[in-house]
Every structure is written in structure tokens, then in C-alpha cells.
Amino acid sequence: MERGRATRQRLFDAAVALIGEVGWGGVTTRMVAERAGVAPGVVHYHFASVTDLLVEASTAFAGALFGEVAHRLTEQPDVESGLDWLLGELSGYTGTDPASLLIVETHLASGRLPELRARLRDMIDDFRACVVSWLRARGHTGDAEAAAVLLAATLDGLVLHHSLDPAMDVAALAGPLRAMLRADGHAGSEGR
């Protein structure tokens with residue numbers, strides 16, 4: 001039982017690394033097996049197909065990443081410091097780092113795989129719900145649901161833009177982002 005869990009974890013780790021290195025469509029059973037140090041048949045013993053493995057591995061990785069970010073966001077004492085923290089964290093995702101590549105590849109693959117799309121949607125919904133709770137607990141009186149959608153979409157977009165423009169100072173966008181999330185919908189002096 002423990003050996004099976006260890007083997008599955010090695011397969012997950014291999015799949016996650018390979019998705020970022022060669023792209024979702026480039027990963028083969030043989031590549032995963034070689035990276036994990038197992039025979040190709042072991043991959044199919046644990047998963048019906050390499051696609052099933054990629055879905056499981058990528059959603060496990062993405063779920064852990066989104067969950068960690070959501071958890072750490074809830075530790076931030078107010079909206080301003082939370083946005084500063086989020087953008088500071090986002091600066092580490094260049095678009096070419098392994099985590100960014102995996103998330104982008106997973107998003108792209110979700111357009112072709114309904115099960116993957118549903119799982120990602122659930123993760124994003126969970127992240128947004130956490131942001132809504134955090135905003136309300138920090139005194140946000142506006143439409144917290146809309147603000148959470150805006151924030152999640154902005155974070156995704158910034159990762160993509162940062163990959164195209166590595167010199168972009170993501171943290172410098174805190175003021176405009178605060179202005180976008182203001183409860184009254186009007187950009188004040190902090191957004192100018």
C-alpha cells in the first residue's frame with residue numbers, strides 16, 4: 001500500500017515536471033516512466049491513460065498551489081497588505097518557471113478536456129470564495145464576489161503578461177489594483 005502511494009507520487013512528480021518542460025501534448029507514457037524510474041506498464045497500472053495521469057497530477061499541483069495562496073492571503077491583516085503580498089508573490093512567477101508553465105499548460109488543456117475544465121473551475125471557485133470571505137472580513141463593503149472574480153482573473157493575466165515582459169514590475173501595480181477593488185467603484189488618489 002505504501003509502496004503504491006510512493007510510486008503514484010513519483011508518477012505525479014514526473015508528470016508535473018514534464019508538462020512544464022515539453023507541454024501537455026508532448027508528454028508520453030514512456031517519458032513519465034523514465035522520469036519516475038519505473039517500467040511503462042506501471043504508469044498504466046495506476047492510470048487508465050497518460051491523459052488521466054496528467055489531469056490528476058496537474059490538478060493536484062494546482063489545487064495545492066491555489067490552496068496555499070488562499071490560505072496565506074487569509075493571514076494578511078487588511079486588503080492593502082493582502083494585495084501587496086499577492087503581487088509580491090506573483091513577482092516570483094515569471095511565466096517561464098516550472099509552476100507557471102504547468103498552470104498555463106493545464107489551462108490550455110482544459111479547453112479540450114471537459115473533466116479538467118470542471119476541476120479547474122472548482123479550484124477557481126474555491127479560491128474566489130476564499131477571497132470573498134477575506135474581503136468581507138477585512139471590511140470590504142462592495143460587491144465582494146465581483147471583486148474576487150476580478151482579482152483572480154487579474155492574477156492569471158499578470159502571470160501571462162509577466163512571461164512576455166519579464167522587466168514588468170508586478171508589485172508596482174498595487175495602487176491601480178487597489179483602485180479597481182474599491183467598494184465605491186471610483187478610483188481615488190491611490191490609483192493615480
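Me: Which residues touch the most other members in the largest nonpolar core?
Reply: Keep in mind that this is a predicted model. Nonpolar side chains tend to be buried together in soluble globular proteins. Here the largest nonpolar core has 30 residues, and the ones touching the most other members are Leu11, Trp24, Val27, Val32, Leu53 and Leu54.

Me: Which element gives the largest share of this core?
Reply: Let's look at who contributes after that list of Leu11, Trp24 and company. The elements giving two or more residues are α1 (2-22), α2 (29-36), α4 (50-74), α6 and α7. Eight residues, the largest share, come from α4.

Me: Trp24 is in that core, so which residues is Trp24 in contact with, leaving aside neighbours within four places in sequence?
Reply: Contact here means heavy atoms within 4.5 Å. With those sequence neighbours set aside, the partners of Trp24 are Ile19, Thr51, Leu54, Val55, Ser58, Glu105, Thr106, Ala109, Leu113 and Leu116.

Me: How many residues are in the other core, the one that lies apart?
Reply: Trp85, Ala144, Ala152 and Leu158 are among its members. This core lies apart from the one we just talked about, and its residue count is 25.

Me: Ala144 and Ala152 bring us to α8, so which of its residues are buried?
Reply: To be called buried, a residue needs under 20% relative accessible area. In α8, that goes for Ala144, Ala147, Ala148, Leu151, Ala152, Thr154, Leu155, Leu158, Val159 and His162.

Me: Why do the buried residues of α8 line one face of the helix?
Reply: An α-helix has 3.6 residues a turn, so residues three or four places apart point the same way. Look down the axis of α8 and you'll find its buried residues within a limited arc, so they line one face. That arc is 160 degrees.

Me: What do the buried residues of α8 pack against, and which residues are exposed on the other side?
Reply: The buried residues pack against α5 (79-90), α6 (98-110), α7 (114-137) and α9 (174-181). On the other side of α8, the exposed residues are His161 and Leu164.

Me: Is Val149 in α8 buried, partly exposed or exposed?
Reply: Val149 is found in helix α8, which covers residues 144-164. Buried stops at under 20% and exposed starts at over 50%. Val149 has 37% relative accessibility, so Val149 counts as partly exposed.

Me: How far apart are the end C-alpha atoms of α8?
Reply: The expected span is 1.5 Å times one less than the number of residues. With 21 residues, α8 should span 30 Å. The model agrees, as the end C-alpha atoms are apart by 30 Å.

Me: Which residue caps the N-terminal end of α8?
Reply: Look for a side-chain oxygen by the backbone nitrogen of Glu145. The two atoms lie 3.3 Å apart, and the oxygen belongs to Asp143.

Me: Is Ile103 buried or exposed?
Reply: You'll find Ile103 in helix α6. Not counting residues up to four places away in sequence, Ile103 touches Ala62, Leu65 and Phe66. Its relative accessibility is 13%, so Ile103 counts as buried.

Me: How many helices and how many strands are there in the chain?
Reply: Run along the chain from the N terminus and you read α-α-α-α-α-α-α-α-α. The count is nine helices and zero strands.

Technical notes
Residues numbered from 1 in each chain as written. Predicted model: local features only at pLDDT ≥ 70, side-chain atom pairs only at ≥ 80, totals over all residues. Heavy atoms only, no water. Helix = DSSP H or I, 4+ residues; strand = E, 2+ residues; numbered from the N terminus. Buried < 20%, exposed > 50% of the residue type's maximum accessible area, 1.4 Å probe, protein only. Arc of directions from axis to C-beta. Polar contact = N/O pair within 3.5 Å; in protein donor to acceptor, adjacent residues only side chain to side chain. Core = buried A, V, L, I, M, F, W, Y, C linked by side-chain atoms within 4.5 Å.
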